[in-house]
Structures are given as C-alpha cells and as structure tokens.
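Please take the following as a guided reading of one structure, beginning with a single pair of residues and widening from there to the sheet, the helices and the largest pocket.

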Amino acid sequence: MVSNNGQILRRSPSAERIAESYLDLRLVRKILHLGFHTPPILHVDKFEEGIDMLTEVPITDGIYHNYSGGDHSRTREVGDFLSADLEKILVICFLSLRKEDLNSLVRKISALPEASELRCILTKIPGVSYCVEIINVSVSKWSGISRFLSLKGLDGNGVIAFGDERNDLEMLLHCGAGFAMKNVIPEIKKSAKHVTRYNNEEDGVALTLVENRIVLF
C-alpha cells in the first residue's frame, strides 16, 4: 500500500511499514514562517497512534473546505504549529479557493535556498478547493511503487495504474498500463498512454478493467 504520494510504503493488510520519507523539520518551519492566509494541514506518520493529520484549528472549521470529507477521527488539533513539537511530517498541505493564492505561495517556496529539495503539487480537489501539497522532491507515487517492485524483484510492466491529476503523471508514464481518467486535467491527458471512456463518477476504473479483459467475470 503506497500512501501520501509515495512517502509511506506499507504491507497490506498488516499495515507493517516497509519504507518512509519525512520532510526536513528545518524546511517545514521555514515554509510555515512564509505565512499564508489559512494554516496548512500537516500529514504525519503516526498511523499506530491513530493520527494521520495535524491542524492548528478544528478540521471542521470552514477554512479547510471539508477537506477530511466528514471523517475527523484521525485528525488532531495541536494549536500553533511553530510552537508545537512536530515530527514525522510527510506532507504540508495548503488549501484555497483561489488558485492564484497558491501559485503565489509556490513562488515563495521556490525562492527558498533549499527549494531543490522540495516538490510542490498543485491540484483541484473536487468539491473542496485548490490544494498545494509539499513533499520531498525524490518522492512520488511511482517511487513508492518502484520500491515495492524492487523488494519483490519485479519490474513495472505488470503494473496497471489509473490517475486524474498532476501527481499521477510519473506513475502513468512508467507503469506497464497507465490509464488517465476521462475527467483528467488536460496536461495529463496529452501525455498519458491511455485515456478511459468513463470518468470517476461512472465507475471508470472498474469498467476499464473489464473492457480490457484485465478483470474477468
């Protein structure tokens, strides 16, 4: 199981950790010091403690635009991040209804001396808001999958992947069969090997697997 854009690799169903990649806390604090009109959400590796996300204010606050989808059980409010004892940070996630606000933030992050150590992924979360996720530059969904393949002595030819956003592109290009969803953003559609005939709301993954005889009934 690959999670947090490839930052964590676990065995399923035991959830045993195989590999992990954390953000440098020095860089985390630099990014927090840049300031933004809403506090970020920090994705953390505290699975065993029942915690996946940290916030400064309750996750139910309107500034988070229903990011958690109604599930608040694995989120903890810790107050001011700059005063908190932070550790095992996987992703820094900023939200805004205005894409330009996040583009401006990305430009500030890109101006940091350590910017080459980071990757900023700007996406649109349907029904939520725009989102920029900040992760280690060497980490992606495909890097997580690659680590698993290496452990098993396998190559990527047998991997089937589906995606619809920028953070899926590397995975779609390197796996054996990469399908961009019908509702994928234009820049990914142009690069993908295959595009499904159905979108996320039409059971696009399941129908594509059946149509291509990858799954048989």
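Which residue in E5 is the bridge partner of His43? In this predicted model, that partner is Met53. The pair belongs to a wider set of contacts between two strands, for E4, which covers residues 41-46, and E5, which covers residues 51-55, run antiparallel and are joined by three bridges. Leu42 likewise stands opposite a residue of E5, namely Leu54. The two strands form a hairpin with four residues between them, and in the turn Gly50 has a positive phi of about 80 degrees.

E5 also has E6 as a neighbour, and here the two strands run parallel, again with three bridges joining them. Thr55 of E5 takes part in this pairing, with Glu77 as its bridge partner in E6. Four of the five residues of E5 are buried, which means that this strand is largely enclosed by the rest of the structure.

These strands can now be placed in the sheet as a whole, an open arrangement of six strands in the order E6-E5-E4-E7-E9-E8, with mixed pairing. E6 (75-77) and E8 (118-125) stand at the edges and have a single partner strand each, so one side of each is left without a neighbour in the sheet. From one strand to the next, the twist averages 25 degrees.

Two helices lie across strands of this sheet. Helix H1, residues 25-34, lies across E7 (89-96), E8 and E9 (129-136), and runs at about 15 degrees to E7. Helix H2, residues 99-110, lies across E7, E8 and E9 as well, and its direction is at about 20 degrees to E9.

The last feature to consider is open space. Rolling a probe the size of a water molecule over the atoms shows where empty space is left. The largest pocket has a volume of about 420 Å³, and of the 22 residues that line this pocket, the closest to its centre are Lys124, Ile125, Pro126, Asp164 and Glu165. Strand E1 (2-3), E8 and E9 are the elements that give two or more residues to the lining, and E8 gives the most, with three residues. Thus the edge strand E8 also has a part in lining the largest pocket. By character, the lining residues of this pocket divide into seven nonpolar, eight polar and seven charged.

Key: Residues are numbered from 1 along each chain as its sequence is written. This is a predicted model: local features need pLDDT of at least 70, side-chain atom pairs count only at pLDDT 80 or more; totals for chains, interfaces and linings use all residues. Side-chain values use heavy atoms; hydrogens and water are left out. Two strands pair if DSSP finds at least two bridges between them. Axes are lines fitted to C-alpha atoms, for helices over the stretch in contact, and angles run from 0 to 180 degrees between N-to-C directions. Contact means heavy atoms within 4.5 Å. Buried means under 20% relative accessible area, exposed over 50%, partly exposed in between (1.4 Å probe, protein chains only). On a 1 Å grid over the protein atoms alone, a cavity is a set of points where a 1.4 Å probe fits but cannot get out, and a pocket is an open set with protein on both sides within 12 Å along at least five of seven lines; lining residues have an atom within 4 Å of a point. Grid points are joined across faces, edges and corners, and a volume is the space filled by probe spheres set on the points. Ala, Val, Leu, Ile, Met, Phe, Trp, Tyr, Cys and Pro count as nonpolar, Asp, Glu, Lys and Arg as charged, and the others, Gly among them, as polar.
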